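Me: Please take a close look at the disulfides of this protein chain, and set them in the context of the whole fold. Which cysteines are paired, and where do they lie?

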Amino acid sequence: MSAHAAPRYEATITRTTYGVPHVEAKDFGGLGFGAAYAQAQDNICLMADGYVSASGQRSHYFGADGPTVIGLVPAKNIDSDLYYATMLDTKALRAGFAKTSPDSRALIAGWVAGYNRFLRDNRGKLPAKCAGQRWVRDITRDDVLRSLNGFTMLAGSAMAAAKIAGAAPPADQPDRAAVQPVASALQFADEARASMKLGSNGWAFGGDATTNGRGLVVGNPHFPWYGPNRFYQIHLTIPGKFDVAGAAITNQPYVGIGFNKDVAWTHTVDTAAHMTLFKLTLDPADPTAYIVDGKRVPMERREIRVETKDGAPVVRTLYVSRYGPILSMPGTDYAWTRQTAYAIADANKGNVRSGEGYLAMARARSVRDIHDALARYIHAPFLNTLAADRNGDALYADISPAANVSAERFAACSGSMSPPTSGFLQRLYVLDGSRSACEWEKTRGTAAPGLLPPSQMAAIYRRDYVQNSNDSYRWTNIEAPIAELGPMMGPDFHQLPSMRTRSGLQEIRRVLHSGKFDIDLGIQTMLGNKNFAGDLAMPAVRKLCERPDAPKPACAALAKWDGKTELESRGAMLFAIFWGKTGLRADVWADKFDRDDVVGTPRTLAIDGAAGDKLLADLAYAADTLTKMGIALDAPLGEVQFAERGAERIPISGSPAGVLNYTAGLPVKGGFGVVHGASYVQSVAFDEKGPVAKAILTYSQSTDPASPHYADQTREFSKLALHPYPFSKEEIAAQAIGEPLTIRQ
């Protein structure tokens, strides 16, 4: 570039309290450039690791048997490499991306340039975790597209990655046993890990429910605290043209949850069918061929070669049907046998529309604009959207990439549903793969073939409230339920809602019965740490504790419990372990669920006879678990549940059992280290000038232990303290830390 040529990319990064970057540029290329540079300043090792995964090279750099996580599922590096090699079609991703807008393409081009520029500027001074490592390398646009598409499949085929990587015809199955993840030796660790599913609480209030008559959004997404799916706070501005703040997912150049001057939104994981299985009838003479409309169809054989760090390359043959790759779950109904096999179809395969959709949402001026962006791009991969605007309108919408299968087709194609199992987030929907008429329907006007049209998905506008905690769209507003939609939209109206849903509805009703919400009351209510399950269960537990055979130390500990999950709550962890077992049983209730009384039913535990024996056994198990860990049964929660930051243990409230403030930890010496739960928490209101926002990134901005922003927000979250999120120039100037950084090339 000559001395007089204008820079292709230019951005200014201003950091405010807790290291939040505010990136300003004159165009979208510069915005991507600055966003990548800022994120790399805080998380270069995490970002680089993510790009290794997306490129299918984990075995090459870290060894085939090394541990990793695909989506939320623990697996081996070889599983990850084989999955990405099978599911990510780079040529198709390029073709899809070429159809996106110039702004979206410029944003990605700038992101690539910004990431690579950071490496050039800092190659000799990277954090200790990745300093001098070959796997920290320049990236290309293909790396970004593969990473973006990989994230969209998080709640779909990624949950089955190891089952795809290990799928083999019946004769080969014994050779594949080694690819299955090794189970933990500690039962409770397994149970805790199983509970760590993507989830969230989201509330949006219209003007009739707020003190100032404008909209209010309260979001509390539950995401992992470690690994590639962390949130990152960021504010992106092109003066006079584009202005949005909130949080992005690692390695993504746009705000996924956030706000602009007129609208705020949050997401929760939905119940729609983002994948289906197709049951294949196999050729009796060849388990790698299947029958469609009476004709034999050979499976496509893909020989995949994976380079490994310390050994010979792994060469694996995987099989793909017209519907998608074959998976196998040995020992279940979904095993690959001589008679049947199962193929998985993912509605998010090839989805690189997120940039287009989130740029449109960032430009929204009302909740109706949010709805239009969702409907046009169908980009929110597995998510409900809850939004409110400064006019006082609120929106709930589950418009996401879902399988287009009508109720009639589902019935005609022997469609079946089973509860989430084997690590899947959603129900397993199975269709007859022996008939071409059972393929997903193609409707004109959708963003991709085979997707459920937005007109057949859930959406409702309200002036009071909408809410979701990962249950059915039917519970969005129980004063105004949405009409039942097709089977691909998830569980029916008769399914018992979760404790979080019931608790949230109870709390919203309680406040609105006598008053209205504001920015502070919204988040105080969301993070209130009341244990709804405890309110229901403890009367029965106290009654059972009168029995001579009751575990007396456990009963004595629970007698001290205040029914909350505050840091000082004694016995809260004992109840969490107890309810972690008891709450999963279908026979735990003495009364039945009444859909006309969502909050109040069921309310009474069954305690007579064998039912009571089971409850006491669960309580004894919970006490035994803590005792073996050397933890007092009545220990204050803050002493035994914490975030580990080096040698520091930061107390964290909340629980995985019956609490809106979902917090999950795994056993460590002396307690439970938090690994999942509240992540980017925001409460956003509006005044006459624009947004008034408070937020917290619970695990802090940086993954580098040497950073001042490695634990600062985590300490604040220990106090449940959200901080003002600056948006205007004046607010940013008031909170600025250090001098702005301008980068250009």
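Reply: The protein chain has 20 helices and 31 strands; helices (H or I, at least four residues) and strands (E, at least two) are DSSP runs, numbered from the N terminus. This is a predicted model, in which local features need pLDDT of at least 70 and side-chain atom pairs count only at pLDDT 80 or more, while totals for chains, interfaces and linings use all residues. Residues are numbered from 1 along each chain as its sequence is written, and side-chain values use heavy atoms, with hydrogens and water left out.

The disulfides come first. A disulfide is taken as a pair of cysteine sulfur atoms within 2.5 Å, and by this rule the count comes to 3. With the bonded cysteines of the protein chain numbered in sequence order, the pairing reads 1-2, 3-4, 5-6.

Cysteine 45 is joined to cysteine 130, with sulfur atoms 2.1 Å apart. This pair links distant parts of the chain: cysteine 45 belongs to helix α1 (residues 28-54), and cysteine 130 to the loop between α5 (102-122) and α6 (141-152), 85 residues apart. The angle about the S-S bond is -70°, and the link of cysteine 45 and cysteine 130 is left-handed. Cysteine 45 and cysteine 130 are both buried, where buried means under 20% relative accessible area, exposed over 50%, and partly exposed in between (1.4 Å probe, protein chains only).

Cysteine 413 and cysteine 438 form another disulfide, their sulfur atoms 2.1 Å apart. Cysteine 413 sits in the loop between α11 (407-412) and β20 (416-418), and cysteine 438 in the loop between β21 (428-432) and β22 (458-462), so the pair ties together parts that are 25 residues apart in sequence. The link of cysteine 413 and cysteine 438 is left-handed, with -100° about the S-S bond. Cysteine 413 and cysteine 438 are buried.

Cysteine 545 is bonded to cysteine 555, S to S 2.0 Å. Cysteine 545 lies in the loop between α14 (532-544) and α15 (552-559), and cysteine 555 in helix α15 itself, so this disulfide ties together parts that are 10 residues apart in sequence. An angle of -85° about the S-S bond makes the link of cysteine 545 and cysteine 555 left-handed. Both of these cysteines, 545 and 555, are buried.

The whole chain provides the setting. Buried residues make up 62% of the 745 residues. A compact globule with 745 residues would have a radius of gyration near 27 Å, and the protein chain, with 25 Å, agrees; the radius is taken over C-alpha atoms, and the globule rule is 2.2 Å times the number of residues to the power 0.38. The C-alpha trace spans about 85 × 75 × 50 Å along its principal axes. Among contacts (heavy atoms within 4.5 Å) between residues at least 6 apart in sequence, 69% join residues at least 24 apart.

As for the surface, the protein chain exposes about 27,700 Å², of which carbon and sulfur atoms supply 52%.

One further loop shows a link between separate parts of the sequence without a disulfide being described for it. Methionine 629 is found in the loop between α17 (610-628) and α18 (637-640). Not counting residues up to four places away in sequence, methionine 629 touches Pro667, Val668, Gly671 and Phe672. The C-alpha atoms of methionine 629 and valine 668 are separated by 8.7 Å, although their positions lie 39 residues apart along the chain as a separation in sequence.

Methods: Accessible areas come from the Shrake-Rupley method with a 1.4 Å probe; for residues, only the protein chains shown count as cover.
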